[in-house]
Amino acid sequence: MTTTPIEPALVVGEPTVVAENLITPWSVVFVREAPLISSRDTGEILELVGSQTRVVGEVPGVVHSGEAGLLGLAVDDQNRLYAYSTGANSNRIHRFALTGQPGSFALGSAELILDGIPAARTHDGGRIHGDRHDRDFVGLPVHRAVDSLAGGGIGPGLVAMDPIADAHR
């Protein structure tokens, strides 16, 4: 077997620390110029303002264990925030209205839009992404609990939904 050496990545510029002392930052999304950061272990959604963070809100019922917790964030073109997280019995996706402006964002009430995604301590999935065709993609967990599901379960892999807002219907 012949292998091709991998070229090192070209680093342009000097890395800059933009925030410190975060507790397990896991996902970042941008709303206009403002970054929102998920804190996997606490369930908080933070907004980076200058070099400081402020709590925008908290996803209800997040259960942290191993790699489980608040795992993925996404924002749609209607300023709604989607959060993929681990609850007491499964992974799920909540939707929140995002109110305010950069520097003063807040979350509206949580709306559970998808529940029952198998959860585990490791390899728990959680990435959410939309594309220009109004499809939303969710990375589902890959772990033994999912592998042992017998038909009809959700996972593992990548699921496309059209659109995520109507996934619960």
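**Exercise 1. Are R80 and D76 buried or exposed?**

Solution. Begin with the model itself, which is predicted, so that local features need pLDDT of at least 70 and side-chain atom pairs count only at pLDDT 80 or more, while totals for chains, interfaces and linings use all residues. Residues are numbered from 1 along each chain as its sequence is written, and side-chain values use heavy atoms, with hydrogens and water left out.

Next, fix the terms: buried means under 20% relative accessible area, exposed means over 50%, and partly exposed lies in between, with a 1.4 Å probe and protein chains only. On this scale R80 is buried, and D76 is buried too. The two residues form a salt bridge whose closest N and O atoms are 2.6 Å apart, where a salt bridge is a side-chain nitrogen of Lys or Arg within 4 Å of a carboxyl oxygen of Asp or Glu.

**Exercise 2. Find how many salt bridges the structure holds, and describe those of E47 and R95.**

Solution. The structure holds four salt bridges, and one of them joins E47 to R54, with the closest N and O atoms 2.7 Å apart. E47 lies in strand β3, residues 44-49; strands (E, at least two residues) are DSSP runs, numbered from the N terminus. E47 counts as buried because its relative accessible area is 1%, whereas R54 counts as partly exposed because its value is 27%.

The side chain of E47 also reaches the backbone nitrogen of G103 at 2.4 Å. This is a polar contact, that is, a pair of N or O atoms within 3.5 Å; within protein, one must be able to donate a hydrogen and the other to accept it, and residues adjacent in sequence count only if both atoms are side-chain atoms. Leaving aside neighbours within four places in sequence, E47 is in contact (heavy atoms within 4.5 Å) with residues including A34, L36, R54, G103 and F105.

Turn now to R95, which forms a salt bridge with E111, the closest N and O atoms being 2.6 Å apart. R95 lies in strand β7 and E111 in strand β9 (residues 111-117), so this pair ties together parts that are 16 residues apart in sequence. R95 is buried because its relative accessible area is 10%, and E111 is partly exposed because its value is 31%.

**Exercise 3. R92 is buried yet has no salt bridge; determine what its side chain reaches instead.**

Solution. R92 lies in strand β7 and counts as buried because its relative accessible area is 11%. The nearest side chain of opposite charge is that of D115, 5.9 Å away; here Lys and Arg count as positive and Asp and Glu as negative, while His and the chain ends are not counted. R92 and D115 are 23 residues apart in sequence, yet their C-alpha atoms are 4.3 Å apart in space.

Look next at backbone oxygens: that of P60 lies 2.5 Å from a polar atom of the side chain of R92, and the side chain of R92 reaches that of G61 at 3.3 Å. Apart from neighbours within four places in sequence, the contacts of R92 include V59, P60, G61, Y84, L112 and D115.

**Exercise 4. Locate the largest nonpolar core and say which strands supply it.**

Solution. A nonpolar core is a set of buried Ala, Val, Leu, Ile, Met, Phe, Trp, Tyr and Cys residues joined through side-chain atoms within 4.5 Å. The largest one has 16 residues, and L36 and I45 have the most contacts inside it. Strands β1 (25-31), β2 (34-39), β5 (70-75), β6 (80-86) and β7 (91-99) each supply at least two residues of this core. Apart from this core lies another, of eight residues, among them L71, A74, I93 and I113.

Not counting residues up to four places away in sequence, I45 touches residues including L36, I37, R54, L70, L73, L81 and L107.

**Exercise 5. Describe how β5 is covered and how β5 and β6 are joined.**

Solution. β5 is mostly covered, five of its six residues being buried. Strands β5 and β6 run antiparallel and are joined by five bridges, strands being paired if DSSP finds at least two bridges between them. One of the links is that of L73, whose bridge partner in β6 is A83. The hairpin of β5 and β6 has four residues between the strands, and N79 there takes a positive phi near 60°.
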